[in-house]
Amino acid sequence: MYFLFLFQPILYSYFRSSASWRVRIVLALKGVDYEYKAVNLVKDGGQQHSEEFKALNPMEQVPAFVIGETALTQSLAIIDYLEDVYPKPAIVPEDPIKKAQARALAELIAAGTQPIQNLGVLQKVSDKPEERAEWGQFWIDKGFAAYEKMVQSTAGKYSVGDEITIADVCLVPQLYNAQRFKVDMTKFPTITRIIDALSELPAFKAADPGVQPDCPEELRKQ
Ligand SMILES: N[C@@H](CCC(=O)N[C@@H](CS)C(=O)NCC(=O)O)C(=O)O
């Protein structure tokens, strides 16, 4: 397996894709060098539907993470791979209860919230922007309400205790979607506090959409 270190991995990403963003955070936390390849999800009907990209991910979604000849897909699976190969700093707690809690919060976002409001689903739901926004807002609000309740018993400085976990990695990008769909964040004070703390950290800053190579000039940070 260690021959994989010979290759510089490639991340196929879109600057404001929350699933790609999760992987970018983990790559930054673990200090992994990689090449960034942009896949524009809207240009030309969506470059994720190109034959070239479909060969990497038949689901036609970013991210994809390529090491040599091997393409990994699904953000949480890519993150599991990174945790195995680059164990420090760990983002999966050793304690079995904390590990399950962090995974549950991550899945709440990555399986129970984001997939219901992603681009492909919204395109099927309606072609009217206001109906899409209402749909997205409803599901993110529902997911964040559950997250807010759950962190009452798990949070320290971050979602589970005082260490950054896979839960935090999924949480921060979901805020971006929440803001796009005008979710009322005043209902979620603990989530807001955790995100404010995380957003100050260099790895989270480096993974921000506003500093990615494919971020358009008008949205660029710095
Ligand atoms: N479960 C997937 C979700 C990936 C996903 O939803 N990607 C979105 C961007 S965040 C996408 O590529 N959407 C393109 C489309 O729906 O056509 C993962 O975690 O990697």
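Here are three short exercises on the ligand site of this predicted model.

Ground rules: residues count from 1 along each chain as its sequence is written, and side-chain values use heavy atoms, leaving out hydrogens and water. Local features need pLDDT of at least 70 and side-chain atom pairs count only at pLDDT 80 or more, while totals for chains, interfaces and linings use all residues.

**Exercise 1. Work out how many residues surround the ligand, and sort them by class.**

Step 1: Collect residues with a heavy atom within 4 Å of the ligand. That gives 16, and the closest are Q48, V62, Q74, S75 and G120.

Step 2: Sort them, counting Asp, Glu, Lys and Arg as charged, Ala, Val, Leu, Ile, Met, Phe, Trp, Tyr, Cys and Pro as nonpolar, and the others, Gly among them, as polar. You get 10 polar, five nonpolar and one charged.

**Exercise 2. Find side chains in polar contact (N or O atoms within 3.5 Å) with the ligand.**

Step 1: Start with Q48, where a side-chain N or O atom is 2.8 Å from a ligand oxygen.

Step 2: Move on to Q114, with a polar side-chain atom 3.0 Å from an oxygen of the ligand.

Step 3: Add R22, whose side chain puts an N or O atom 3.3 Å from a ligand oxygen.

**Exercise 3. Place the ligand relative to the helices and domains.**

Step 1: Check the helices (DSSP runs of H or I, at least four residues, numbered from the N terminus). Both α1 (18–29) and α5 (119–125) supply at least two shell residues; α1 gives the most, with three.

Step 2: Bring in the domains, whose bounds come from an automatic or database assignment. The ligand lies between domain 1 (12–88) and domain 2 (96–205), because both give residues to its shell.

Note on methods: Polar contact = N/O pair within 3.5 Å; in protein donor to acceptor, adjacent residues only side chain to side chain.
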